[in-house]
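Welcome, and thank you for taking a look. Please take a moment with the sequence and the model, and then read on for a short guided tour.

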Amino acid sequence: MRADGHAPGRPARDRHHAPDAQDDEELLRRCATDVAAVAEGIREVSARTGAALRLPALTASAHRRPRTALAARWALLRALTDRHGLGGPALTAPYPVRRAPGREELARLVGVTALRLKIAAVLVNHPELAHDPGMRRLTAAVTAGSDPAAVRALRRLFQDPHAQRALAGLAPLMAELPAVRALLDAAPPTGPDRCEGAAEAVGLTDQEKQVVATEGSLLGFLRNIEVLSADGRILVQNVRGPDGVVRYVVQAPGTVPGRPRTGSPHAGSGAWRDPAAADPPHTRYTRSVLLALREHGIPRGADLALIGHGEGGTVLLNLARDRDFCRAHRVTHVIAVGSPPAGGQPADPRTWVARIADRHDLAARPEAGRAGAADPLSGPHPNRYEVAYPGPIRAYPACHLLRAYIAHLRTVVPEVRENVDQALTPYRGTVVRTQAYRVLDRAHPPEGHPFLTLPTASVRTATGPVEVPVRYYDTSAVHLCFPVDARTARTLLPDTGRMAPSRLGGHALAVLSLYEHRCSTIGPYAEIALSLPVGDPWRPRPYDVAADLLRRLDLRRSGRHVLSLAVSSEEARTVSQEVWGQQALLTGAEADLAARALRLAAPDLGLTVEGRLGPGIPCPDADWVLYGRRGEGTVRTLVRTHGRPRLHIGAGTRLRLDTAAAEPMAGQLRRLGLDTARPLFVLACPRVLLHRSAGALLPC
């Protein structure tokens with residue numbers, strides 16, 4: 001069986017409409033669970049066999065009956081270390097045994113088979129996950145030639161610190177990956193792990209103060225979480241209820257796929273590396289929430305409502321299980337939206353627990369939680385309220401986003417909102433105090449430190465406030481550079497009479513930039529940009545780009561004028577137009593730019609770029625000034641990068657453009673003659689950090 005869930009030679013069915021697709025997924029999941037149990041059993045048998053070889057009685061019998069005792073010891077040793085037996089490690093034997101090259105322990109081989117089955121089960125109803133960067137890397141590892149090769153590929157993947165974020169985004173597999181990692185003895189090199197969560201009070205911006213709810217309601221609390229989830233802050237509000245009593249509402253966000261959690265203990269990679277994950281009340285995130293509540297000054301015995309999304313909901317469910325916490329405060333309500341069930345029962349049997357989940361949300365399924373966790377909402381109980389509804393969005397992670405749940409509670413399942421609001425009647429009053437807390441991870445530096453730890457400002461856009469500079473924490477970038485006719489290039493620039501293309505010999509240079517943004521402050525998206533290097537808008541000179549490269553970025557006058565831009569997310573399109581002055585198209589795109597074999601396909605544009613990079617030479621980071629247009633002015637944006645770019649000959653890369661492709665990008669590519677050309681050279685960086693400043697409007 002392949003990793004996509006299809007048998008060899010069997011045609012793929014339409015999984016979204018096949019009536020037995022759900023049965024196939026359930027069957028594969030159960031098979032994966034059974035095979036994983038077999039792998040654990042084999043590991044236990046290997047451990048017992050190694051212990052039997054060390055028994056003093058067996059050693060003593062070798063002196064009394066050497067012929068039979070030595071034969072028995074040899075049989076046990078062969079069963080333990082032979083490639084046709086358990087294939088156990090030589091260290092479990094009473095003396096060192098050399099392992100044959102390419103041999104792996106049987107338990108590890110069976111564990112990889114269980115992971116293959118789980119991947120196939122996930123892809124049955126969610127084929128879109130096959131294009132996820134983490135799933136691509138995981139699938140490539142488990143299908144790497146023979147089974148021993150797959151074990152070694154997985155071990156290298158788990159030990160790669162750059163892969164932790166990509167793997168941590170695979171919520172449907174988070175219960176299996178740590179178990180497989182332990183089976184392979186491949187703990188990631190994250191340094192000493194200590195449970196050092198922390199919290200500090202932070203103020204709200206003026207824009208956030210206008211959005212944060214001033215009256216208690218379910219949708220108001222959820223909107224608060226969405227507003228503050230960009231940088232992982234939690235919110236504590238004091239609410240004066242209808243009876244005049246002040247109660248407290250704790251609101252905690254979860255991990256948003258493709259967005260950073262700078263310095264936060266509930267980053268996706270934090271869950272991957274947290275050694276205390278098996279003891280939820282003592283994880284970093286839980287510890288940070290406790291410190292925030294202590295700093296807020298909640299009096300002993302006060303009533304608390306805990307509301308969270310995703311991982312934040314799971315942490316609050318675990319917090320309600322902490323007996324010491326429930327002795328100090330009365331947890332009256334716990335509401336988890338889009339969260340998997342947590343194990344155990346609340347410490348206070350009077351606590352009203354609600355869990356709301358979209359059936360298509362893979363992160364909210366029981367198997368997405370910790371392995372072996374029991375569902376606290378199972379069985380009838382007067383204080384339990386669980387809703388699993390079929391939402392209109394099937395694709396993950398779109399169905400997991402909090403904005404999708406808020407929309408569903410308004411339109412798809414309004415009765416659920418009404419029922420929860422009725423249960424929250426004591427908290428349906430005026431908010432008398434609002435305080436945000438940034439939860440921190442003292443044991444690990446913030447993501448992107450020190451390059452991406454810089455001051456930011458908030459800019460209002462049509463899709464909400466955006467922090468600038470926009471920061472990109474995990475990106476692959478490829479720049480295809482083509483020589484083009486200078487006069488043709490000049491006709492594509494704005495008709496202002498000031499900008500002129502820079503020249504390379506007798507030609508101008510066109511740059512087609514491809515980006516796979518896996519994690520950024522505006523979410524994950526693919527980007528395709530066609531630009532022309534141009535000179536100083538006030539004093540254009542044909543060759544000033546080459547001289548400008550020797551200057552600091554902020555002192556450069558030349559740059560690249562963006563002719564056309566296509567992005568795969570609405571938020572990125574809005575930011576490109578309103579912040580950077582670059583008119584962008586919204587288009588679907590699939591990109592895989594992290595390996596030597598490049599591929600980007602944008603069917604709506606009729607554009608495909610693919611090829612294989614040959615040998616390259618390292619070069620300095622490619623910082624650029626980008627120019628765009630807003631009204632009658634020019635917008636200047638600084639882009640700083642940090643990575644290891646390499647310069648390659650472009651002979652192995654091809655750009656294909658369908659004849660039915662639409663304007664403006666396709667038309668500009670044709671006019672420049674790039675629809676049949678190969679790039680002169682390619683600048684590629686498999687992993688780069690970058691940040692883009694806010695655009696400065698120039699009067700030209």
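A residue is called buried when its relative accessible area is under 20%, exposed when that area is over 50%, and partly exposed in between, using a 1.4 Å probe and protein chains only. By that rule Arg355 is buried, because its relative accessible area is 5%. Before we go further, please note that this is a predicted model: local features need pLDDT of at least 70, side-chain atom pairs count only at pLDDT 80 or more, and totals for chains, interfaces and linings use all residues. Residues are numbered from 1 along each chain as its sequence is written, and side-chain values use heavy atoms, with hydrogens and water left out.

Let us stay with Arg355 and see what its side chain meets. A salt bridge is a side-chain nitrogen of Lys or Arg within 4 Å of a carboxyl oxygen of Asp or Glu. Arg355 makes one with Glu386, at 2.3 Å from N to O. This pair links distant parts of the chain, with Glu386 in strand E7 (residues 384–389) and Arg355 in strand E6, 31 residues apart. The names come from DSSP runs numbered from the N terminus: helices are H or I runs of at least four residues, and strands are E runs of at least two. Unlike buried Arg355, Glu386 is partly exposed, because its relative accessible area is 38%.

Arg355 also belongs to the surroundings of Ser339. You can find Ser339 in the loop between strand E5 (330–337) and strand E6 (352–358). Is Ser339 buried or exposed? Ser339 counts as buried, because its relative accessibility is 0%. Leaving aside residues up to four places away in sequence, Ser339 touches Gly308, His309, Gly310, Gly313, Thr314, Arg355, Ala363 and Ala364, where a contact means heavy atoms within 4.5 Å. Its side chain reaches the backbone oxygen of Gly310 at 2.6 Å. That is a polar contact: a pair of N or O atoms within 3.5 Å, where within protein one must be able to donate a hydrogen and the other to accept it, and residues adjacent in sequence count only if both atoms are side-chain atoms. Ser339 and Thr314 are 25 residues apart in sequence, and their C-alpha atoms are 5.9 Å apart in space.

Strand E5 brings us to another salt bridge, in which the side chains of Arg330 and Asp303 meet at 3.8 Å, N to O. Arg330 lies in strand E5 and Asp303 in strand E4 (residues 303–309), so the pair ties together parts that are 27 residues apart in sequence. Arg330 counts as partly exposed because its relative accessibility is 30%, whereas Asp303 counts as buried at 17%.

How many salt bridges does a search of the whole structure find? The search finds 23. One of the pairs is Asp554 with Arg552, whose closest N and O atoms are 2.8 Å apart. Here Asp554 is partly exposed at 33% relative accessibility, and Arg552 is exposed at 54%. Elsewhere, a network of salt bridges links Arg136, Asp474, Glu516, Arg518, Asp592 and Arg687.

A search for disulfides, meaning pairs of cysteine sulfur atoms within 2.5 Å, finds zero in the whole structure. As for individual cysteines, Cys31 is partly exposed at 31% relative accessible area, while Cys481 is buried at 6%.

Now turn to the helices. Helix H10 (residues 218–228) is largely enclosed by the rest of the structure, because eight of its eleven residues are buried. Those buried residues are Leu218, Leu219, Gly220, Phe221, Leu222, Asn224, Ile225 and Leu228. Gly220 has a relative accessible area of 4%. Its C-alpha lies 9.5 Å from that of Ile406, although the two residues are 186 apart in sequence.

Another pair to look for is helix H4 (residues 106–125) and helix H6 (residues 147–158), whose axes come within 9 Å and cross at roughly 80°. In H4, Arg108, Leu109, Val112, Leu115 and Arg116 meet Asp147, Pro148, Ala150, Val151, Leu154 and Arg155 in H6.

Finally, have a look at the backbone. Most peptide bonds are trans. The bond from His449 to Pro450 is cis, with omega near 0°, and Pro450 sits in the loop between strand E8 (430–441) and strand E9 (457–461). A cis peptide bond also joins Val468 and Pro469, with Pro469 in the loop between strand E10 (464–468) and strand E11 (470–484).

Key:
Axes are lines fitted to C-alpha atoms, for helices over the stretch in contact, and angles run from 0 to 180 degrees between N-to-C directions.
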